[in-house]
Amino acid sequence: YSPQDEFHLLGGGEHDTHPSESRKWEPGGLDDAEAVLTLQATAISGVRDDYDHWKAAGYLPASGKPLWLTLDDDKWHHIFFDDNIHNSPNDSIIALRVRESEGKPFVTAS
């Protein structure tokens with residue numbers, strides 16, 4: 001996951017205090033743990049990629065939609081809708097970030 005990458009965090013759901021707020025990630029802004037906390041603060045949230053940025057970066061996963069997984073946490077269910085999900089380390093919209101458990105660092109898995 002690279003600081004140059006762009007994505008939008010979109011909130012929604014009954015527990016969201018700002019359901020219409022769209023926050024664009026900025027370099028030096030959210031780190032992995034902060035992004036996870038932001039996404040988990042609502043019942044439903046979404047991430048919108050910047051297709052032109054992803055294309056300009058050669059379709060590399062690290063420039064696409066980030067997906068943070070904590071392997072020992074089964075409280076969250078992730079669903080992705082996109083026509084550019086490929087099982088390829090060099091061509092997929094999913095930037096998979098994984099950690100073993102909460103408090104451990106995330107590592108790139110795609």
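Which residues make up the largest nonpolar core? In this predicted model, the answer is a set of six: Ala35, Val36, Leu39, Val47, Trp68 and Phe106. Helix α1 supplies the largest share of that core, with three residues. As background, nonpolar side chains tend to be buried together in soluble globular proteins.

**The sheet and its helix**

Let's look at the strands next. There is an open sheet of three strands, running in the order β4-β5-β6, and its pairing is mixed. The edges are β4 (65-70) and β6 (107-108), each of which pairs on one side only. Between β5 (residues 94-99) and β6 the direction is antiparallel, and two bridges join them. One bridge pair to look up is valine 98 with its partner in β6, valine 107.

Helix α1, covering residues 32-40, packs on this sheet and touches both β4 and β5. Its direction makes about 90° with that of β4.

**Salt bridges**

The count of salt bridges comes to three. Here they are side by side:

| Acidic residue | Basic residue | N to O distance |
|---|---|---|
| aspartate 32 | arginine 97 | 2.6 Å |
| aspartate 49 | lysine 65 | 3.6 Å |
| aspartate 82 | lysine 65 | 2.8 Å |

Take the pair of arginine 97 and aspartate 32 to begin with. It links distant parts of the chain: arginine 97 sits in strand β5 and aspartate 32 in helix α1, 65 residues apart. That puts this salt bridge between the helix and a strand that α1 also touches in packing on the sheet. Are these two side chains' residues buried or exposed? Arginine 97 has a relative accessibility of 9%, so it counts as buried, and aspartate 32 is buried too, at 14%.

The other two pairs meet at lysine 65, which is buried with a relative accessible area of 7%. One partner of lysine 65 is aspartate 49. Aspartate 49 belongs to strand β3 (residues 44-49) and lysine 65 to strand β4, so this pair ties together parts that are 16 residues apart in sequence. Aspartate 49 is buried as well, with a relative accessible area of 17%.

Aspartate 82 also forms a salt bridge with lysine 65. Because aspartate 82 lies in the loop between β4 and β5 while lysine 65 is in strand β4, the pair ties together parts that are 17 residues apart in sequence. At 26% relative accessibility, aspartate 82 counts as partly exposed. With partners shared in this way, Asp49, Lys65 and Asp82 are joined into one network.

**The aromatic rings**

How many aromatic pairs does a search of the whole structure find? It finds three. A pair of rings is described by the distance of the centres and the angle of the planes, and two of the pairs are worth going through that way.

Tyrosine 51 and tyrosine 59 have ring centres 6.5 Å apart and planes at 55°, so this pair is tilted. Tryptophan 54 and tyrosine 59 have centres 4.8 Å apart, with the planes at 80°, so here the arrangement is edge-to-face. Put together, Tyr51, Trp54 and Tyr59 form one aromatic cluster.

Which residue of this cluster is buried, and why? Tryptophan 54 counts as buried because its relative accessibility is 0%. Tyrosine 51 is partly exposed, with a relative accessible area of 38%, and tyrosine 59 is partly exposed at 28%.

**Around helix α2**

Finally, a look at lysine 55, which is found in helix α2 (residues 51-56). At 46% relative accessibility, lysine 55 counts as partly exposed. Its C-alpha atom is separated by 9.8 Å from that of aspartate 91, and the two residues are 36 residues apart along the chain.

How values were computed
Residues are numbered from 1 along each chain as its sequence is written. This is a predicted model: local features need pLDDT of at least 70, side-chain atom pairs count only at pLDDT 80 or more; totals for chains, interfaces and linings use all residues. Side-chain values use heavy atoms; hydrogens and water are left out. Two strands pair if DSSP finds at least two bridges between them. Helices (H or I, at least four residues) and strands (E, at least two) are DSSP runs, numbered from the N terminus. Contact means heavy atoms within 4.5 Å. Axes are lines fitted to C-alpha atoms, for helices over the stretch in contact, and angles run from 0 to 180 degrees between N-to-C directions. Rings of Phe, Tyr and Trp (its six-membered ring) pair if their centres lie within 6.5 Å; planes under 30 degrees apart count as stacked, over 60 as edge-to-face and the rest as tilted. Buried means under 20% relative accessible area, exposed over 50%, partly exposed in between (1.4 Å probe, protein chains only). A salt bridge is a side-chain nitrogen of Lys or Arg within 4 Å of a carboxyl oxygen of Asp or Glu. A nonpolar core is a set of buried Ala, Val, Leu, Ile, Met, Phe, Trp, Tyr and Cys residues joined through side-chain atoms within 4.5 Å.
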